[in-house]
Amino acid sequence: MTLELIAYILGGLTIGSALMVVLSNHPIRSVLYLVITFFFISGHFLLMNAQFLAIVNIIVYAGAIMVLFLFTLMLLNLNQSDEPNSKNYLSLSAIIGGGSLLLILIAALRDEFTFNEAIHENYSGLVENLGNTLFTKYLVPFEISSILFISAMVGAVLLAKRENQQID
Amino acid sequence: MDLAFIIEKFSLVLLVFLISLGVAAYSTFFERKLAGWIQDRIGPNRAGPFGLLQPIADGVKMFLKEDFIPKNSDKWLFIIGPGISMFTALITSTIIPWGPPVEVFGRQVTLQIADFNIGILFIFGVVSMGVYGIMIGGWSSNNKYSLFGAIRASSQMISYELAMGISLITIILMSGGLSLNDILDHQKGINWNIFYQPLCFLIFFICSLAETNRAPFDLPECESELIGGYHTEYTSMKLGLFLFSEYVAMFISSAIISILFFGGYHFPGETYFVGNTLAIISILVFFAKTFFFVFIFMWIRWTIPRFRFDQLMHLGWKTLIPLAIINMMITGIIIAIYEGWF
């Protein structure tokens with residue numbers, strides 16, 4: 001019962017902060033709300049006893065990727081005057097598109113919405129179990145995705161080094 | 001969950017909080033004394049005997065100064081910034097094991113607030129959060145020097161986090177667990193990690209200097225170029241929190257270095273003691289190790305001049321990360337041979 005209550009409160013907070021990402025009219029504040037949303041999502045992981053996933057979510061998304069977002073936004077120095085003037089038909093089409101996506105998601109996930117009381121008995125998110133699964137059952141996809149990451153990194157380095165720069 | 005457990009944890013939290021703050025307060029005093037000693041001066045000696053009341057005088061001064069918020073700043077973020085810095089500096093102390101279990105009023109009390117099975121990763125999570133305090137504070141001040149300081153701080157911390165993380169993989173491989181207790185169990189007596197991983201220690205130590213923004217990596221608050229860096233616009237206790245969080249972070253990272261590489265509360269000959277005697281000696285040993293590293297942090301600050309920014313980036317990306325990767329690969333191969341994989 002307590003767990004269910006915590007899950008509902010956390011869910012409400014997550015949705016609230018996610019809404020604030022969209023509704024906030026300052027880009028930096030949007031990013032900060034997104035960071036808070038990631039923290040709440042990590043809270044959900046903790047409720048499901050997936051400590052490793054929770055902390056990796058914080059380190060990678062909230063700690064690294066969002067810092068880069070913030071970094072870029074601070075350098076861009078956006079003001080009110082830089083905002084593109086949005087037209088009415090654009091927002092109408094956005095509402096229709098988002099609404100249809102919501103409808104499809106609800107239709108697809110309808111049966112999953114019942115809250116499982118025994119969810120804290122789940123140990124799949126702990127380090128040992130996750131490692132065992134990744135290195136036995138899902139070894140090939142895991143290795144392929146690591147190659148994908150390395151190629152992306154090499155590509156980024158190549159793009160950055162395109163011109164011969166001389167720095168002493 | 002009984003009442004005694006709650007009281008036990010609550011008093012432990014309070015104790016750790018007070019000790020962290022007290023140690024940080026006296027490290028400001030100790031740092032100034034040490035600076036005086038290194039520069040052949042006397043250092044603070046007016047407040048109380050030997051100047052021992054100096055931290056209190058500093059604190060009172062900070063509180064009594066005018067609290068000023070710049071007109072065009074983002075008010076809320078300006079207030080939140082120093083708070084985040086202080087919070088992230090203090091929260092790491094939750095997972096530090098301060099000593100072996102003590103017996104108080106017939107109860108076994110573990111001297112660790114929380115034992116996660118992801119211990120080390122928790123430290124990384126908190127360290128990566130530490131950037132936000134500086135970034136938010138620097139940006140919301142609406143001052144170009146603050147912004148430069150904030151950007152320098154964040155790029156520096158992101159760069160050195162990588163080398164720090166990769167260097168620690170060797171320690172995790174050797175102890176076979178992410179929890180700090182696993183790492184400590186592996187180095188009983190004088191079987192410390194430093195003897196197996198000297199290179200890893202060097203990389204980790206340099207990275208923790210950079211992560212706590214201590215000299216020679218204190219470019220975010222480089223006075224000669226950036227006035228005060230990210231805290232240029234801050235006054236009163238908000239400035240105090242920023243400066244103070246640096247000392248708390250220094251204390252906590254010294255504690256973590258002594259746990260990871262110098263056996264934490266383990267010491268040679270600990271098998272001759274039992275019970276509370278062992279606990280008290282262990283805690284004293286742990287604090288002695290921690291203060292030794294606090295001293296080294298200060299010694300480096302007053303000895304080595306500041307890096308240039310491109311030198312800092314060069315050291316982080318082109319020296320420390322490759323060294324850490326090579327160290328990790330060699331350790332992995334040796335462990336694989338030792339375990340009989342070939």
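**Exercise 1. Find how many salt bridges cross the interface of chain A and chain B, then describe that interface.**

Solution. Start with the charged pairs: in this predicted model, the rule finds 0 salt bridges across the interface of chain A and chain B. Next, look for polar contacts; 1 residue pair, with both members at pLDDT 80 or more, qualifies between the two chains.

Now see which elements of chain A do the touching. Both α2 (27–47) and α3 (51–76) of chain A supply at least two residues each to the side that touches chain B. Of these, α3(A) has the largest share, with 14 residues. Sorting the touching side of chain A by class gives 18 nonpolar, 3 polar and 2 charged residues.

Finish with the extent of the interface. Here 23 residues of chain A are in contact with 23 residues of chain B. The two chains bury about 2,000 Å² between them, and 77% of that area is on carbon and sulfur atoms.

**Exercise 2. Work out which elements line the second largest pocket, and what classes of residue they bring.**

Solution. Begin with the volume: the second largest pocket holds about 1,100 Å³ of space. Then go to its centre, where the closest of the 31 lining residues are A:Val35, A:Phe39, A:Ile58, B:Phe87 and B:Met129.

The next step is to assign the lining to helices. From chain A come α2 and α3, and from chain B come α3 and α4, each with at least two residues. The element that gives the most is α2(A), with 10 residues. As a last step, count by class: the lining divides into 24 nonpolar, 6 polar and 1 charged.

**Exercise 3. Locate the largest cavity and say what surrounds it.**

Solution. A helpful idea first: rolling a probe the size of a water molecule over the atoms shows where empty space is left. Applied here, the count comes to 3 cavities of 30 Å³ or more. The largest cavity has a volume of about 430 Å³. It is lined by 25 residues, and the closest to its centre are B:Ala89, B:Met157, B:Glu211, B:Thr212 and B:Ala249.

Five helices of chain B give two or more residues to this lining: α3 (75–91), α4 (119–140), α5 (144–175), α7 (198–211) and α9 (236–261). Among them, α9(B) gives the most, with 8 residues. By class, the lining of the largest cavity has 14 nonpolar, 9 polar and 2 charged residues.

**Exercise 4. Count the salt bridges over all chains, then trace where the partners of B:Glu31 and B:Arg214 sit.**

Solution. Recall that side chains of opposite charge can pair when their charged atoms come close. Over all chains, the count comes to 6 salt bridges. In one of them, the side chains of B:Glu31 and B:Arg214 meet at 2.9 Å, N to O.

Now place both residues along chain B. B:Glu31 lies in helix α1 (residues 3–38), while B:Arg214 is in the loop between α7 and α8 (223–226). The pair therefore links distant parts of the chain, 183 residues apart, under the 4 Å cut-off for a salt bridge.

Key
Residues numbered from 1 in each chain as written. Chains lettered and ligands numbered in written order. Predicted model: local features only at pLDDT ≥ 70, side-chain atom pairs only at ≥ 80, totals over all residues. Heavy atoms only, no water. 1 Å grid on protein atoms, 1.4 Å probe; cavity = no way out; pocket = protein on both sides within 12 Å on 5 of 7 lines; lining within 4 Å. Points joined across faces, edges and corners; volume = space filled by probe spheres on them. Nonpolar A, V, L, I, M, F, W, Y, C, P; charged D, E, K, R; others polar. Contact = heavy atoms within 4.5 Å. Buried area = accessible area lost by both parts, 1.4 Å probe. Polar contact = N/O pair within 3.5 Å; in protein donor to acceptor, adjacent residues only side chain to side chain.
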